[in-house]
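The following questions and answers examine the fold, the interior and some individual residues of a protein chain. Each answer sets out its reasoning before it gives the value or name requested.

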Amino acid sequence: MKNLDERGHLLTEQVNANSENLDQLSSLELVDLFNREDAQTLAAIASARQALAIAIDITSTALRQGGRLFYVGAGTSGRLGVLDAAECPPTFCTPPELVQGIIAGGAGALVRSSEDLEDRAHDGAEAIAHRHVTALDVVVGITAGGTTPFVTGALQAARQRGAKTIFMACVPAEQVDAEADVDIRLLVGPEVVAGSTRLKAGTVTKMALNILSTGVMVKLGKVYGNRMVDVAVTNKKLRDRAVRILQDLTDLSRDEAGFLLEKSNKSVKLALMMHWTGLDKEECDRVLAEYQGNLRAAVAGIVNC
């Protein structure tokens with residue numbers, strides 16, 4: 001990857017001809033313009049579908065073998081990575097160390113701009129070393145313009161340690177090349193406000209991260225059908241969701257579903273397996289572990305015995 005000081009030719013820095021009169025538009029015209037421009041995010045995801053699918057397969061294989069997933073970025077890109085990582089434990093009941101976000105400037109950069117820190121490639125490399133990244137892990141470098149030194153430094157360090165690497169950018173490869181196992185290009189065109197990559201680039205990056213992390217968790221057996229069977233029941237809303245999932249997938253009343261949820265230590269996955277197989281919690285725990293937490297496979301294994 002190249003470190004480019006002159007960035008005017010990059011797709012993310014170019015002027016959008018559709019918004020040249022932006023400061024003269026009415027509020028409704030502004031909304032309509034954003035709506036038209038944001039439609040490009042869907043096309044960008046469609047164009048990156050093969051690379052995203054490969055990223056899901058590589059990452060799910062790594063995590064199944066004991067690896068971790070790291071997102072690395074600066075500014076908006078870094079915040080989006082941290083957000084996606086933070087949402088995995090409550091959604092899929094994953095340990096917080098399984099998916100981690102690394103942002104230039106650390107936690108303080110989440111709420112206060114520290115974009116000057118993105119120019120330090122050695123900081124990115126040090127972040128990888130600090131987390132003891134190994135060949136089992138996957139590191140996703142997120143950089144809208146493709147040239148962020150913090151990200152490129154992190155990816156280089158990750159490759160040296162044998163980790164799988166994924167590059168995610170909103171510029172074409174001919175403008176910025178990448179050395180990574182998977183190269184994801186999310187080409188949404190110039191921003192409504194020239195260079196403001198928190199707009200379309202940020203939106204499409206969030207979409208891509210949603211697909212990547214959710215796809216990985218599906219492969220890891222964190223859902224049954226499209227139900228969140230590994231949801232962490234930590235508040236009233238999530239308890240209600242857990243009970244409704246049990247009701248939807250069984251013939252139980254709400255009270256019966258609630259009782260079963262408590263009996264399973266608030267594990268929807270265990271509750272379902274206990275109900276469907278008649279086994280006790282300890283035996284269901286054992287069988288699920290044998291099938292790496294995949295509920296469908298575990299139940300099928302019991303039924304076919």
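Q: In what order do the five strands of the open sheet lie?
A: The model is a predicted one. In it, five strands form an open sheet whose pairing is parallel. The edge strands, each pairing on one side only, are β2 (residues 99-103) and β5. The order is β2-β1-β3-β4-β5.

Q: What is the average twist from one strand to the next?
A: The sheet is open and its pairing is parallel. From one strand to the next, the twist averages 15°.

Q: How many bridges join β3 to β4?
A: Strand β3 covers residues 138-142, and β4 covers residues 164-169. The two strands run parallel, and in β4 the bridge partner of V139 is T165. The number of bridges joining β3 to β4 is five.

Q: Which residue of β3 does Y71 stand opposite?
A: Strand β1 (residues 69-73) pairs with β3 in the parallel sense, over four bridges. Within β3, the residue opposite Y71 is V140.

Q: What is the handedness of the β-α-β unit made by β3, helix α6 and β4?
A: Strands β3 and β4 run parallel. Helix α6, residues 149-160, belongs with them to one β-α-β unit. The handedness of this unit is right-handed.

Q: How many of the five residues of β3 are buried?
A: Both faces of the strand are covered. On one side V138, V140 and I142 are buried, and on the other side V139 and G141 are buried. The count of buried residues in β3 is therefore five of five, a residue being buried when its relative accessible area is under 20%.

Q: Is T165 buried or exposed?
A: T165 is found in strand β4. Leaving aside neighbours within four places in sequence, T165 is in contact with V139, L155, A158, R159, E179, A180, D181 and V182. Because its relative accessibility is 0%, T165 counts as buried.

Q: Is S77 buried or exposed?
A: S77 has its place in helix α4. Apart from neighbours within four places in sequence, S77 is in contact with I142, T143 and A144. Its relative accessible area is 10%, so S77 is buried.

Q: Which element gives the largest share of the largest nonpolar core?
A: The largest nonpolar core has 37 residues, and those with the most contacts inside it are Y71, V99, V140, I184 and L186. The elements that give two or more residues to this core are α2 (40-47), α3 (49-64), β1, α4 (75-92), β3, β4, β5 (182-185) and α7 (200-219). The largest share, seven residues, comes from α7.

Q: How many residues are in the other core, which has Y224 and V233 among them?
A: This core lies apart from the largest nonpolar core. Among its residues are Y224, V233, A242 and V287. Its number of residues is 25.

Q: With which residues is L186 in contact, leaving aside its neighbours within four places in sequence?
A: L186 is among the residues with the most contacts inside the largest nonpolar core. Leaving aside those sequence neighbours, the residues in contact with L186 are A44, I45, A48, M168, A169, C170, V204, T205 and A208.

Q: What is the phi of N265, which is not a glycine?
A: Most residues other than glycine have a negative phi. N265 lies in the loop between α9 (254-263) and α10 (268-277), and N265 is exposed, with a relative accessible area of 57%. The phi of N265 is positive, about 60°.

Q: In which loop does Q292 lie?
A: Q292 has a positive phi of about 55° although it is not a glycine. Q292 is exposed, with a relative accessible area of 52%. The loop that holds Q292 is the one between α11 (281-290) and α12 (295-303).

Q: What percentage of the 305 residues in the protein chain is buried?
A: The protein chain has 12 helices and five strands. Its accessible surface comes to about 14,600 Å², of which 51% belongs to carbon and sulfur atoms. The buried residues make up 48%.

Key:
Residues numbered from 1 in each chain as written. Predicted model: local features only at pLDDT ≥ 70, side-chain atom pairs only at ≥ 80, totals over all residues. Heavy atoms only, no water. Buried < 20%, exposed > 50% of the residue type's maximum accessible area, 1.4 Å probe, protein only. Pairing = 2+ DSSP bridges. Right-handed = clockwise from strand over helix to strand, strands pointing away. Core = buried A, V, L, I, M, F, W, Y, C linked by side-chain atoms within 4.5 Å. Contact = heavy atoms within 4.5 Å. Axes fitted to C-alpha atoms, helices over the stretch in contact; angles between N-to-C directions. Areas by Shrake-Rupley, 256 points an atom, 1.4 Å probe, with all protein chains shown as cover.
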